[in-house]
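Q: Could you walk me through this structure before I set anything up? I'd like to go through the sheet, then the cysteines, then any pockets.

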Amino acid sequence: MSRQSRHFGLKSFNFLIFFLFAASISGSELISLEKILPNIEVVTNSQDRQRGLMYKKAIPENYGMFFIWNLNKVQCMWMKNTYIPLSVAYMDRSGKIINIYDMVPLSKASVCSKKPVLYALEVNRGWFKRNNIKVGDILNLDKILQNDQ
């Protein structure tokens, strides 16, 4: 085998290995939220979004509050009058998680999405970690959005 053929073969092999590795890490699988979080309360109007989980002392582990806004813009939340340690994920229109934040009970500081979003999901603090859900993952929101109509 000529030196040029070996060089071409080695380059082709390296490219194939790189391509297979990149393909395995590049795509995010759709996560069916209802399967791992069966108790989801959807809030769409301004009054319900403002109240959120205020004044509650606890929520079940399998409970989440899903917020829907009418405008795709940077959205902010706070923990005024909220006693439960929560985590919030902001999502874009495709269900892709843009940010996940741990929230501080009773804080009046705004916690905002880094990009325009339409949705947010509040759950018990640490729920996203325990369920191996992270920034960049895509949640399948079809059933949630269908049930809201």
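What follows is a chat about a predicted model.

Q: What order do the strands of the sheet come in, and is the pairing parallel, antiparallel or mixed?
A: The sheet is open and made of 5 strands in the order E2-E3-E8-E5-E6, and its pairing is mixed.

Q: Which strands stand at the edges?
A: Those are strand E2, residues 39-43, and strand E6, residues 97-102; each has a single partner strand, so one side of each is left without a neighbour in the sheet. Going from one strand to the next, the twist averages 20 degrees.

Q: Starting with E2, how many bridges join it to E3, and do they run parallel or antiparallel?
A: E2 and E3 run parallel and are joined by 5 bridges. To give one pair as a landmark, Asn-39 has Tyr-63 in E3 as its bridge partner. Between these two strands the chain passes through H3, and the resulting β-α-β crossover is right-handed.

Q: And at the other edge, how do E5 and E6 run?
A: Strand E5, which covers residues 86-91, runs antiparallel to E6, with 5 bridges joining the two. Here Ser-87 has Asp-102 in E6 as its bridge partner.

Q: Switching to cysteines, how many disulfides does the count come to?
A: The count comes to 1 disulfide, formed by Cys-76 and Cys-112, whose sulfur atoms are 1.9 Å apart. That separation of 1.9 Å falls within the 2.5 Å cut-off used to call a disulfide.

Q: Is it left-handed or right-handed?
A: The torsion about the S-S bond of Cys-76 and Cys-112 is about 105 degrees, so this disulfide is right-handed. The pair links distant parts of the chain, since Cys-76 belongs to strand E4 and Cys-112 to strand E7 (residues 111-112), and the two are 36 residues apart.

Q: Now pockets: what volume does the largest one have?
A: The volume of the largest pocket is about 300 Å³. Its lining has 19 residues, and those nearest the centre are Arg-49, Gln-50, Cys-76, Met-77 and Trp-78. Cys-76 therefore appears in two parts of this chat, as a disulfide partner and as one of the residues nearest the pocket centre.Q: Which elements each supply at least two residues of that lining?
A: Helix H3 (46-51), strand E3 (63-73) and strand E4 (76-77) each do so, and H3 gives the most, with 4 residues.

Q: How do the lining residues divide into nonpolar, polar and charged?
A: In the lining of the largest pocket, 9 residues are nonpolar, 6 are polar and 4 are charged.

Note on methods. Residues are numbered from 1 along each chain as its sequence is written. This is a predicted model: local features need pLDDT of at least 70, side-chain atom pairs count only at pLDDT 80 or more; totals for chains, interfaces and linings use all residues. Side-chain values use heavy atoms; hydrogens and water are left out. On a 1 Å grid over the protein atoms alone, a cavity is a set of points where a 1.4 Å probe fits but cannot get out, and a pocket is an open set with protein on both sides within 12 Å along at least five of seven lines; lining residues have an atom within 4 Å of a point. Grid points are joined across faces, edges and corners, and a volume is the space filled by probe spheres set on the points. Ala, Val, Leu, Ile, Met, Phe, Trp, Tyr, Cys and Pro count as nonpolar, Asp, Glu, Lys and Arg as charged, and the others, Gly among them, as polar. Two strands pair if DSSP finds at least two bridges between them. Axes are lines fitted to C-alpha atoms, for helices over the stretch in contact, and angles run from 0 to 180 degrees between N-to-C directions. A crossover is right-handed if, with the strands pointing away from the viewer, the path from the first strand over the helix to the second runs clockwise.
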